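Please open the model in a viewer and keep the selection tool at hand. The tour below proceeds stop by stop.

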Amino acid sequence: MISAYTGTQVRAAEEPLMAAGLGDVLMHRAAHGLAKAVVHELKSHRDRLNGASVVVLVGTGNNGGDGLYAASFLAARGMRTTAVLTGNAAHPAGLAAFERAGGRVHRLTEAALPGLAAEAAGADVVIDAVLGTGAKGGLRENAADLVRAITDKDRQGVVVACDLPSGVDADTGAAVAPVLPADLTVTFGGAKAGLLADPGADHAGRVLIVPIGIDEHLPQPSLRRLEDADIARLLPHPARRAQKYSRGVLGVVAGSEDYPGAAVLACRGALAAGVGMVRYLGPPSVAHLVRLSCPEVVCSTGTVAENRVQAWLVGSGMGPRDHEQLTRAREAIASDLPVVADAGALPALPAMLAPHVVLTPHAGELASLFQRLGHGEDREAVEAGTLGAVRHAAERTGATVLLKGATTLVSAPWGTTFSQADGTAWLATAGSGDVLAGVIGALLAQTGSDVGRFSKAGIAADGRWAAIAALGTALHGRAGRAASEAVSGGPITAGRIADALPEIWGKVSMLSNSGAWKRNSHSQPLR
Ligand SMILES: NC(=O)C1=CN([C@@H]2O[C@H](COP(=O)(O)OP(=O)(O)OC[C@H]3O[C@@H](n4cnc5c(N)ncnc54)[C@H](OP(=O)(O)O)[C@@H]3O)[C@@H](O)[C@H]2O)[C@@H](O)CC1
Ligand SMILES: [K+]
């Protein structure tokens with residue numbers, strides 16, 4: 001499990017060590033980790049380190065100090081290093097170390113800006129060490145102009161962000177333009193939550209966590225990400241004497257005359273995700289298509305109450321005029337069973353829900369939900385601060401809310417939040433969300449009542465609905481990636497995601513016996 005923290009949490013965890021006079025030690029560990037990561041990047045791009053050019057953009061605080069110390073290590077290894085001081089001060093000891101190591105120092109003035117931008121754009125590595133966890137707002141004045149000028153040029157090398165890309169909020173991932181997009185972010189002491197939520201994640205590139213010895217002081221994480229080993233532990237496996245009913249039955253209320261395919265794709269997602277049985281409820285013409293496409297599905301003519309299931313999926317492929325389907329969706333919500341409520345069900349739900357109801361909006365649907373609840377967040381606001389938006393929606397509705405995106409976030413109403421980024425941009429295809437709803441529904445049916453499975457993995461009973469939704473997201477994302485890889489990275493259709501899922505499940509399950517989950521993920525790259 002990757003644990004991510006707010007900037008405030010990490011700073012508080014550093015506090016006891018700072019008080020013990022170990023501030024310099026922490027900074028050296030951070031800078032050493034950053035320099036090592038830069039060397040690793042350079043080695044993957046060129047044969048020799050000697051003579052490689054490194055430009056470090058330096059702010060006035062400790063983030064700049066990290067950058068200066070890292071650059072001094074690189075200068076000592078024979079690299080041509082230039083520090084651009086963006087403010088009227090710089091970390092004194094870091095600057096002295098950099099100059100001792102032979103680095104060149106330039107102050108950023110209006111006159112020097114074009115030349116320095118050209119040098120940075122042509123460098124093998126640019127280190128962004130302007131702002132870290134102590135930043136208030138985005139880049140100011142000259143530093144902002146410099147970043148704009150570098151971004152406008154054809155860059156040669158890689159950008160490595162020190163702790164976080166300057167301008168990205170460590171706690172929320174909100175970003176104030178301009179931000180220099182990083183290829184790699186080297187973050188210290190623990191991942192910052194803002195690196196695992198869009199738009200912060202858009203700017204962060206790959207994320208590498210460098211331990212600096214503060215783990216024992218870190219509190220409960222603000223955000224978590226399931227990795228292979230967590231997925232392996234949480235996935236259910238049929239007992240030897242299992243039968244289809246004991247393995248979990250999912251009721252599906254999806255599809256309409258206009259969108260019959262959504263019902264088929266939701267059922268295919270559920271069947272691929274290990275459920276014992278799928279019961280379908282919907283218009284006869286859609287049921288006919290479901291029977292033809294998925295003969296395993298049992299189509300029912302009974303009411304919601306008459307169908308015995310362990311969980312419901314409602315809403316995929318339904319519109320505001322599908323009154324019978326919407327009535328079924330409301331009955332499912334009222335049943336007290338776990339429910340995944342997708343697409344067309346979202347506008348039809350009561351204002352107050354419970355955590356075992358998992359809502360799965362995309363940004364536009366979440367904005368509409370906010371508007372119905374009397375909150376002004378439009379789509380742009382949701383996309384500008386996904387983490388804040390998903391938490392707000394969960395608190396406001398009392399439901400577990402999953403916000404779909406390149407980084408998918410899931411939040412329980414009391415704050416347990418997961419971030420998954422397992423997929424590929426090819427997953428943004430029609431029907432992909434229907435498959436996802438099916439996968440989550442199948443997992444709710446199989447594991448919703450198994451509190452022990454989650455508590456053994458350190459997830460409280462109340463947080464398991466969010467964990468199940470994150471688990472489904474991780475499987476769906478990995479299946480989409482595998483489906484695309486199977487066609488050499490080419491496009492995929494939604495059905496392929498379902499087709500690829502069982503093999504992903506099988507492969508990741510093999511890890512559950514390997515003990516791999518015991519490793520410390522804090523020293524691992526995030527992706
Ligand atoms: N504690 C430790 O030992 C360790 C710390 N570590 C590192 O320290 C980083 C945190 O350092 P930090 O607290 O010094 O804050 P930092 O992010 O450098 O920025 C604050 C400075 O910038 C200024 N400033 C603020 N906003 C601004 C803006 N919008 N535009 C321009 N300037 C702005 C502000 O001055 P102000 O203008 O507000 O007077 C202040 O001088 C952390 O991310 C990690 O990299 C690691 O090495 C581990 C050990
Ligand atoms: K930075």
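Begin by selecting Ala-406, which lies in the loop between strand S17 (400–403) and strand S18 (408–411). Helices (H or I, at least four residues) and strands (E, at least two) are DSSP runs, numbered from the N terminus. The model is a predicted one, in which local features need pLDDT of at least 70 and side-chain atom pairs count only at pLDDT 80 or more, while totals for chains, interfaces and linings use all residues. Residues are numbered from 1 along each chain as its sequence is written, and chains are lettered from A and ligands numbered from 1 in the order in which they are written.

Extend the selection to Lys-404, Gly-405, Thr-407, Thr-408 and Gly-433, which, together with Ala-406, carry the UniProt annotation "binding site" from an unreviewed entry. These residues span 30 residues in sequence, yet no two of their C-alpha atoms are more than 14.1 Å apart, so they gather at one spot. UniProt positions follow the numbering used here, feature names are shortened, and annotations may be inferred rather than shown by experiment.

Next, select Asn-63, Asp-128 and Ser-166, covered by the UniProt annotation "binding site" (unreviewed entry). Although spread over 104 residues of sequence, they cluster in space, with a largest C-alpha distance of 9.6 Å. Asp-128 is placed in strand S5 (residues 125–129).

Now display ligand 1. Which residues are the closest to it? They are Gly-61, Asn-62, Asn-63, Gly-132 and Gly-134, among the 28 residues that surround ligand 1 (C-beta atom, placed from the backbone, within 6 Å). Helix H1 (7–19), helix H2 (23–45) and helix H3 (62–76) each supply at least two residues of this shell. By class, the shell has ten nonpolar, 13 polar and five charged residues; Ala, Val, Leu, Ile, Met, Phe, Trp, Tyr, Cys and Pro count as nonpolar, Asp, Glu, Lys and Arg as charged, and the others, Gly among them, as polar.

For a wider view, colour residues 10–220, which the unreviewed UniProt entry annotates as "domain: YjeF N-terminal". Over this range the chain is 40% helix and 18% strand, and the end C-alpha atoms are 11 Å apart.

Finally, select helix H9 (residues 260–272) and helix H10 (residues 284–293). Pro-260, Ala-263, Val-264 and Cys-267 in H9 meet Ser-285, Val-286, Leu-289, Val-290 and Ser-293 in H10 (contact: C-beta atoms, placed from the backbone, within 7 Å). This contact has seven nonpolar, two polar and no charged residues.

Methods: Contact = placed C-beta atoms within 7 Å.
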